[in-house]
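Biologist: I'm new to this one and would like to start small. Could you pick a single part, take me through it closely, and then work outwards from there?

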Amino acid sequence: MLKKLPHPTHEAPETREIRIGREGSGRNTWRWSIWRGSTLVARSPAGFPGAEAAYDAGRRVLNR
């Protein structure tokens with residue numbers, strides 16, 4: 001197996017961020033999205049099951 005190590009002058013790669021949020025009003029408007037820096041990488045279809053519960057759980061962890 002070959003590995004290419006980053007050159008010492010290369011910047012560290014941008015972190016990826018997963019966001020869960022509501023888009024619009026009503027049920028099934030929660031979506032997840034993956035961002036690399038300020039670039040949107042992927043987004044879930046509308047109505048992602050369990051998104052509201054995941055959002056609430058994340059909020060509870062961050063507010064400790």
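**A charged pair, and what lies around it**

Modeller: Let's start in helix α1, which covers residues 51-62: both Asp56 and Arg59 lie there, three residues apart, or about one turn of the helix. Bear in mind that what you're looking at is a predicted model. Asp56 and Arg59 form a salt bridge, and their closest N and O atoms are 3.6 Å apart. A pair like this makes sense because side chains of opposite charge can pair when their charged atoms come close. Is Asp56 buried or exposed? Partly exposed is the word for Asp56, at a relative accessible area of 24%. Its partner Arg59 is partly exposed too, with 42% relative accessibility.

How many salt bridges does the structure hold? Two, so let's go and find the other one, keeping in mind that the cut-off is 4 Å between the side-chain nitrogen and the carboxyl oxygen. Glu17 and Arg19 make up that pair, with 3.4 Å between their closest N and O atoms. Glu17 counts as partly exposed, its relative accessible area being 38%. Arg19, at 35%, is partly exposed as well.

Arg19 has a second thing going on. Its charged end sits over the ring of Trp35, 4.3 Å from the ring's centre. If you go looking for rings paired with rings, though, you'll come back empty-handed: the number of aromatic pairs in the structure is zero.

Stay with Trp35 for a moment, since it leads us to Ser33. The side chains of Ser33 and Trp35 make a polar contact, at 2.9 Å. Ser33 belongs to strand β2. Its relative accessible area is 9%, and anything under 20% counts as buried, so Ser33 is buried. What does Ser33 touch, once neighbours within four places in sequence are set aside? Among its contacts are Glu17 and Arg19, the salt-bridge pair we just met, along with Ile18. Leu40, Ala42 and Arg43 are in contact with Ser33 too.

Follow the chain a little past Ser33 and you get to Gly37, in the loop that runs between β2 (30-36) and β3 (39-43). Gly37 is partly exposed, at 31% relative accessible area. Glu17 turns up again here: 20 residues separate Gly37 from Glu17 in sequence, while their C-alpha atoms are 7.7 Å apart in space.

Now for the loop between β3 and α1, where Ser44 lies. With a relative accessible area of just 1%, Ser44 is buried. Beyond its neighbours within four places, Ser44 is in contact with Arg31 and Trp32. Pro45 sits in that β3-to-α1 loop as well, but Pro45 is exposed, at 60%. Leave out residues up to four places away in sequence and Pro45 touches Trp30 and Arg31. How far is Pro45 from Ser33, C-alpha to C-alpha? The answer is 9.6 Å, with their positions twelve residues apart along the chain.

To get back to the helix where we began, take Ile20 as your guide. Ile20 has its place in strand β1, residues 16-22, and is partly exposed at 26%. Not counting neighbours within four places, Ile20 is in contact with Trp30, Arg31 and Trp32, and also with Ala51, Ala54 and Tyr55. Glu52 is a nice one to check on screen: Ile20 and Glu52 are 32 residues apart along the chain, yet 8.0 Å separates their C-alpha atoms.

Time to zoom out. What order do the strands and the helix follow along the sequence? The pattern reads β-β-β-α, which fits the count of three strands and one helix. The chain has 64 residues, and 9% of them count as buried; the buried residues on our tour were Ser33 and Ser44. As for contacts with a separation of 6 or more, 9% of them join residues 24 or more positions apart. The accessible surface of the chain adds up to about 5,800 Å², and carbon and sulfur atoms account for 55% of that.

Methods. Residues numbered from 1 in each chain as written. Predicted model: local features only at pLDDT ≥ 70, side-chain atom pairs only at ≥ 80, totals over all residues. Heavy atoms only, no water. Buried < 20%, exposed > 50% of the residue type's maximum accessible area, 1.4 Å probe, protein only. Helix = DSSP H or I, 4+ residues; strand = E, 2+ residues; numbered from the N terminus. Phe/Tyr/Trp six-rings, centres within 6.5 Å; stacked < 30°, edge-to-face > 60°. Lys NZ or Arg CZ within 6 Å of the ring centre and 35° of its normal. Polar contact = N/O pair within 3.5 Å; in protein donor to acceptor, adjacent residues only side chain to side chain. Contact = heavy atoms within 4.5 Å. Areas by Shrake-Rupley, 256 points an atom, 1.4 Å probe, with all protein chains shown as cover.
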